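Visitor: I would like a close look at a single part of this protein. Please pick one helix and walk me through what surrounds it.

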Amino acid sequence: MTENELRQKVCAQARSWLGRKEADGSHREIIDVYNSIQPLARYYRMSYSDPWCAAFVSAVAQACGLTDIIYPECGCDAMIRLYQQHGRWMERDDYRPQPGDVVFYDWQDSGQGDNTGASDHVGLVLSCTGNTISVIEGNTSDMVAIRTRTVDQIYLRGYGLPDYASKADEINAHEEEPDEPVIVPVPDVSGPDTGESVQLPALPAGWCYIP
């Protein structure tokens, strides 16, 4: 699986939960997936009434089998620290994110200088076209919804950059190409015509005779 295919897999999983909400309890599946992560971040099991934006991103990672690059957490600042610790944090204001990047917000951002405040919310980037960023977020008005942002918009705290390239390389390294058949000539079985069938010696798997 290529890097782009991994990114699209994450986006597709996130979209599959679009519209899940607290009002009808449909968001509970997301919390259940999050709680299936072992070990849980800080050993905290989420309740259905907890804020769940970070749990949404983490549940997507769990469902895709990518918790080794999309670091699971139930809190935004704790998630940021994980990306910082792994050298996968981006704080440049003019950064144009890629699908599957993790975007963080700080609602107290004044818009002046580099925002280094505490993060209040998180989502997953679906696309970035020009200066327009499409983001899918859990716990947005108590549901999973898609919103648009702009590059360098106020409230953007920064980005976590999952290392999809290294994961794609790892997956590709385990995908073995099918073996080419080894062709050997038919052994000489000439002799008196007795009418009896001749049993050819067995060959290893992937080998075949040619006439």
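Guide: Here is a look at helix H4, with its setting afterwards. This is a predicted model, where local features need pLDDT of at least 70, side-chain atom pairs count only at pLDDT 80 or more, and totals for chains, interfaces and linings use all residues. Residues are numbered from 1 along each chain as its sequence is written, and side-chain values use heavy atoms, with hydrogens and water left out.

Helix H4 covers residues 76–85. Helices (H or I, at least four residues) and strands (E, at least two) are DSSP runs, numbered from the N terminus. Which residues of H4 are buried? They are Cys76, Ala78, Met79, Ile80 and Tyr83. Buried means under 20% relative accessible area, exposed over 50%, partly exposed in between (1.4 Å probe, protein chains only). An α-helix has 3.6 residues a turn, so residues three or four places apart point the same way.

What do these buried residues pack against? One partner is a helix, H3 (53–64). The others are strands: E1 (89–90), E2 (102–105), E3 (121–129) and E6 (156–160). Contact here means heavy atoms within 4.5 Å. Just after H4 comes Gly87, with a positive phi of about 70°.

Now the setting. The protein has five helices and eight strands. From the N terminus, their order is α-α-α-α-β-β-β-β-β-β-α-β-β. Of its 211 residues, 40% count as buried. Take the contacts with a separation of 6 or more: residues 24 or more positions apart account for 61% of them.
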